[in-house]
Amino acid sequence: MDIGADLLARLGDLAGAVRLFAAAEHWRAGHPRPEPERTRAERIDTEARAELPADRYAAERARGASFTPEDVLRELEAPAITRAGGPR
């Protein structure tokens, strides 16, 4: 999921990246994120905190922490559909 979150951040969807990172952290159940993903996640988190209002950042983290695998797939599918010009 970290790679997906990184992709969303690169596409300019910091809120989506925050949601995926929160889901990944929840599923890790306290296990640390490995390098180099940890450094990248910290950089994106810093960027998201600077860009998003604090209440929105907190809401996106809470939403992502409750994601199911299906939610993650939908989150990753949305940019692909948008970039491809909509569903076929």
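Among contacts in this chain between residues at least 6 apart in sequence, 65% join residues at least 24 apart, where contact means heavy atoms within 4.5 Å. Before going on, a word on the source: this is a predicted model, in which local features need pLDDT of at least 70 and side-chain atom pairs count only at pLDDT 80 or more, while totals for chains, interfaces and linings use all residues. Residues are numbered from 1 along each chain as its sequence is written, and side-chain values use heavy atoms, with hydrogens and water left out.

What is the chain built from? You'll find five helices and zero strands, so to speak an α-α-α-α-α run from the N terminus on. Helices here are DSSP runs (H or I, at least four residues), as strands are (E, at least two), numbered from the N terminus. Of the 88 residues, 33% count as buried; buried means under 20% relative accessible area, exposed over 50%, and partly exposed in between (1.4 Å probe, protein chains only).

Let's start at helix α1, residues 2-10. Its buried residues are Asp 2, Gly 4, Ala 5, Asp 6, Leu 8 and Ala 9. Take Asp 2, which counts as buried because its relative accessibility is 9%. Not counting residues up to four places away in sequence, Asp 2 touches Phe 21, Ala 24, Arg 28, Arg 33 and Glu 37. Just after α1, Gly 12 takes a positive phi of about 95 degrees.

Next come two helices that meet. Two packed helices are described by the angle between their axes and the distance between the axes. For α2 (residues 14-28) and α3 (residues 37-51), the axes come within 10 Å and cross at roughly 130 degrees. That makes α2 oblique to α3. Axes are lines fitted to C-alpha atoms, for helices over the stretch in contact, and angles run from 0 to 180 degrees between N-to-C directions; under 35 degrees is roughly parallel, over 145 roughly antiparallel, 65 to 115 roughly perpendicular, and the rest oblique. The crossing of α2 past α3 is left-handed, as the near helix is turned anticlockwise from the far one by less than a right angle (clockwise would be right-handed).

Which residues meet there? From α2 come Leu 14, Ala 17, Val 18 and Phe 21, and from α3 Ala 41, Ile 44, Glu 47, Ala 48 and Glu 51. They divide into seven nonpolar, no polar and two charged.

Now for the loop between α2 and α3, home to Ala 29. Most residues other than glycine have a negative phi, and most peptide bonds are trans. Ala 29 has a positive phi of about 50 degrees although it is not a glycine, and it counts as exposed at 61% relative accessibility. Further along this loop, a cis peptide bond joins Glu 35 and Pro 36, with omega at about 5 degrees. Glu 35 is partly exposed, at 45% relative accessibility, and its side chain makes a polar contact with the side chain of Thr 39 (2.7 Å). A polar contact is a pair of N or O atoms within 3.5 Å; within protein, one must be able to donate a hydrogen and the other to accept it, and residues adjacent in sequence count only if both atoms are side-chain atoms.

Finally, hop to Glu 75 in helix α5, residues 69-84. Is Glu 75 buried or exposed? Glu 75 is buried, with a relative accessible area of 11%. Its side chain makes a polar contact with the side chain of Arg 19 (2.4 Å). Leaving aside neighbours within four places in sequence, Glu 75 is in contact with residues including Leu 8, Asp 13, Leu 20 and Phe 67.

Definitions and conventions: Nonpolar A, V, L, I, M, F, W, Y, C, P; charged D, E, K, R; others polar.
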